[in-house]
Amino acid sequence: MARFIDELRRTHYCGDLRAADAGREVVLYGWVARRRDLGGLIFFDLRDRDGITQVVFDPGFSPEGDIQRLVGQDDEVWPEDRVKAAYSLAEQVRREWVVGVRGVVRHRGSNVKKDLATGEIEVMVSELEVFNQAETPAIPLDDEIDSDEETRLRFRYLDLRRAPLQKTLRLRHKLNQATRNYLSNAGALELETPIICKYTPGGARNFLVPSRLSPGKFYALAESPQLFKQLFMVSGFDKYFQIVKCFRDEDLRLDRQPEFTQIDIEMSFINQDDVFRLLEGLMFTLFEATGAADLKALYPDGTFPRMSFHESERRFGNDKPDLRFGLELSELTDLAIEHDGGGIPLMKAIVDKFADGTYRKEVPEEIIKAFVIPADAKLSRKQVEDLEKGLKEIKGFPGLGRAKVGDDGSWSQSPFAKVVTDDFRVALNAHVGAKAGDVICISMGKPAIVNAALSKLRLEVGKRMELIPQFGHGGEWKFLWVVNPPLFEEDGEGGFVAAHHAFTRPIDDHIELVESDPARVLCYRYDLVLNGVELGGGSIRLHDPDVQQKVFRVLGIEDDKAKELFGFLLDALRSGAPPHGGIAIGMDRLAMLLSGAPTLRDVIPFPKTNQGIDLMSGAPDRVEPSQLGEVFITTTVEDAPDA
RNA sequence: GGGGUAGUAGUUAAGUUGGUUAUAACGCCGGCCUGUCACGCCGGAGGCCGCGGGUUCGAGUCCCGUCUACCCCGCCA
């Protein structure tokens, strides 16, 4: 029977002990974070998931006063031979070795270390066991390290020992638990849905899984439980939730991983407001459970503000505005029309198309907008040009038309300075609120490009001016519901595609427009945005077969085709579907925002790189030709194993 | 698919107009040290300069290619 673990049970974690524990005999297990050998006196910083305790090996020490003994241990408190053995073993120990210690807690007296939770005490060791030795770690295990992320990911099991990652994963634990409690209390049932399922086209690209039992056929990994949760509603489960892994075979980003976790929710007999109320309550609960912020103080009436999709696009250039700072965009199309282009040829060309009816104001094909870089930003001309260069990443972006505003409202450093009419210049300055020293940045063209460029510029300038930090919340939490986006998007060839998915309900007043003017149809779709990050989104679903058919017709999906694509869902919706809707929240993104982490990789235990590779395990990897044969696969890659 | 940045001891970095044996800090190993806590002091080991090719008397440095990671666009809720 082993002495430690079997006989000497752990009494505390390494973050537990305080001054009040002085005189207590304890047993701690953990990793040696640091060792300080003074020659005749040895200190370990012993670390486990809860913290660090200094343990001391001092052969000359003997405890005084009453000792509160370990339960079931009545041997001698300080046997000399055992203490000496512990000391000489401690001389051999190196960092990251895994050890158990038995000893007596002592107050540190004048040696208190203030920046350590357990800094008032130390454990004088009477008995030491080495459970395991360890190779020298490849990366330093300090809280703050600047090791390359590639190396950290390769040795993820070491990286995860560090306090910051321990902390964020514990945060995820709290999020999971609090989410389950809240949603269960709200009457939602936690039900599971398949991960390997039928491939359905549209939306994100699926990971494919070859079938061994059905030669030549494939499963897809679920990109979301969307269809299944709707079927739960059809089946009468009324309220459902799941904390579920989803899979998308798309390119990665800071805030995108190929597998990720979402809080998935669906409810019957509800409207948009019901979803909002449930989610607002969930956010309040999660923020309280994690101690992130007191949302009650920030949103006293318990609700988050709402903004229409169009308003968000107009004021901020995207559908996920960061409301922690102002610097809104200005719409100039109407002003340019009033001034017939104001002497600027590029604008005149656009204005003319509105005049002759080529473009419609409701759904314009080109727009003119401006963003003002305030004089306060104190950006040099070079810095402004660098910012503009950064925007060139946006495909099709033609560049900005800039104008620096003088004391008298004149424009300089501008391609428009010589041609603009005085009337238009004065009106424009007033319209965008430009003051001396400001730089007006004008963009015109396709709305998607104009908005992409100016919204990116707004964020960049916001960061330069330190209105928001480079990453993290900076102590501010700005929630927003972005609601009622268009149901359809033009596909550029005269037709339409679903802006999100084909099962979103048009807003009641727009049902007639589905057939007459699809471009103007808005729908019951909503995104929850926090600090400029899309936390999640959902919709009220389309459960009416007649409207559904009209939507399919707009999308150019014939009845036969619809059956082929969505067969079982359509059948199900015709079999007694209640009005229903739901939402999905990105758990990883939420954890990222709450922890202030710069990337999703910091809140996922074993993340993939930008190329979708697990640097630690080496996934994905080749497999034996025989394995491919079993699933009836050959590859077309030249140096593949079966080539 | 496209654009950008980077790659030099275990780690993080320096390395000048191409020029002797490629530096430093931390870490590691050995020695000394009884109140340290980023312990201190003394000594030591450790390098395919990402990889391949080229220019050159000579390449960490210049050129071409390639690989890997990161950031962005496209794509993606």
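Modeller: Before we start, domain bounds here come from an automatic or database domain assignment. Keep in mind too that this is a predicted model.

Biologist: Fine. How far apart do the C-alpha centres of domain 1 and domain 2 lie?

Modeller: Chain A splits into three domains, with domain 1 covering 2-132 and domain 3 covering 325-464. Domain 2 comes in two stretches, 151-306 + 584-643. Between the C-alpha centres of domain 1 and domain 2, the gap is 42 Å.

Biologist: And what is the mean pLDDT of chain A?

Modeller: For the model as a whole, the scores are ipTM 0.92 and pTM 0.93. In chain A, 99% of the residues reach a pLDDT of 70 or more. The mean for chain A is 92.

Biologist: Now the inside. Which helix gives the largest share of the largest nonpolar core?

Modeller: That core has 49 residues, and Ile 265, Val 275, Leu 279 and Met 283 are among those with the most contacts inside it. A single helix supplies 9 residues, the largest share. You'll find it at residues 272-290, and it's helix H6.

Biologist: How many residues does the other core have?

Modeller: This one lies apart from the largest core. Look for Leu 487, Phe 488, Val 554 and Phe 566, which are among its members. Its residue count is 28.

Biologist: Trp 481 caught my eye. Which Leu residues is it in contact with, leaving aside neighbours within four places in sequence?

Modeller: Trp 481 is one of the residues with the most contacts inside the largest core. Its partners include Phe 276, Phe 304, Tyr 526 and Ile 583, and also some charged-type names such as Glu 280, Arg 306 and Asp 527. The Leu residues in its contacts are Leu 279 and Leu 528.

Biologist: On to rings. What is the geometry of the aromatic pair Phe 232 and Phe 237?

Modeller: The structure holds 20 aromatic pairs. In the one formed by Phe 232 and Phe 237, the centres are 5.6 Å apart. The planes meet at 85°, and over 60 degrees counts as edge-to-face, so this pair is edge-to-face.

Biologist: Is Phe 232 buried or exposed?

Modeller: Its partner Phe 237 has 37% relative accessibility, so Phe 237 counts as partly exposed. Phe 232 has 15%, and the limit for buried is under 20%. That makes Phe 232 buried.

Biologist: Which residue lies over the face of Phe 325?

Modeller: Ring pairs aren't the whole story for aromatics. Here a side chain sits 4.0 Å from the ring centre of Phe 325. The residue is Arg 458.

Biologist: Where is Thr 333, and is it buried or exposed?

Modeller: Thr 333 belongs to helix H9, residues 333-338. Beyond its neighbours within four places in sequence, it touches Phe 354, Ile 367 and Ile 368. With a relative accessibility of 7%, Thr 333 is buried.

Biologist: Which peptide bond is cis, with omega near -5°?

Modeller: Most peptide bonds are trans. The proline involved here lies in the loop between helix H17 (587-595) and helix H18 (625-630). The cis bond runs from Ala 619 to Pro 620.

Biologist: Last one: what is the phi of Glu 466?

Modeller: Most residues other than glycine have a negative phi. Glu 466 sits in the loop between helix H13 (447-464) and strand S18 (479-483), and it is exposed, with a relative accessible area of 68%. Its phi is positive, about 60°.

How values were computed. Residues numbered from 1 in each chain as written. Chains lettered and ligands numbered in written order. Predicted model: local features only at pLDDT ≥ 70, side-chain atom pairs only at ≥ 80, totals over all residues. Heavy atoms only, no water. pLDDT = per-residue confidence, 0-100. Helix = DSSP H or I, 4+ residues; strand = E, 2+ residues; numbered from the N terminus. Buried < 20%, exposed > 50% of the residue type's maximum accessible area, 1.4 Å probe, protein only. Contact = heavy atoms within 4.5 Å. Phe/Tyr/Trp six-rings, centres within 6.5 Å; stacked < 30°, edge-to-face > 60°. Lys NZ or Arg CZ within 6 Å of the ring centre and 35° of its normal. Core = buried A, V, L, I, M, F, W, Y, C linked by side-chain atoms within 4.5 Å.
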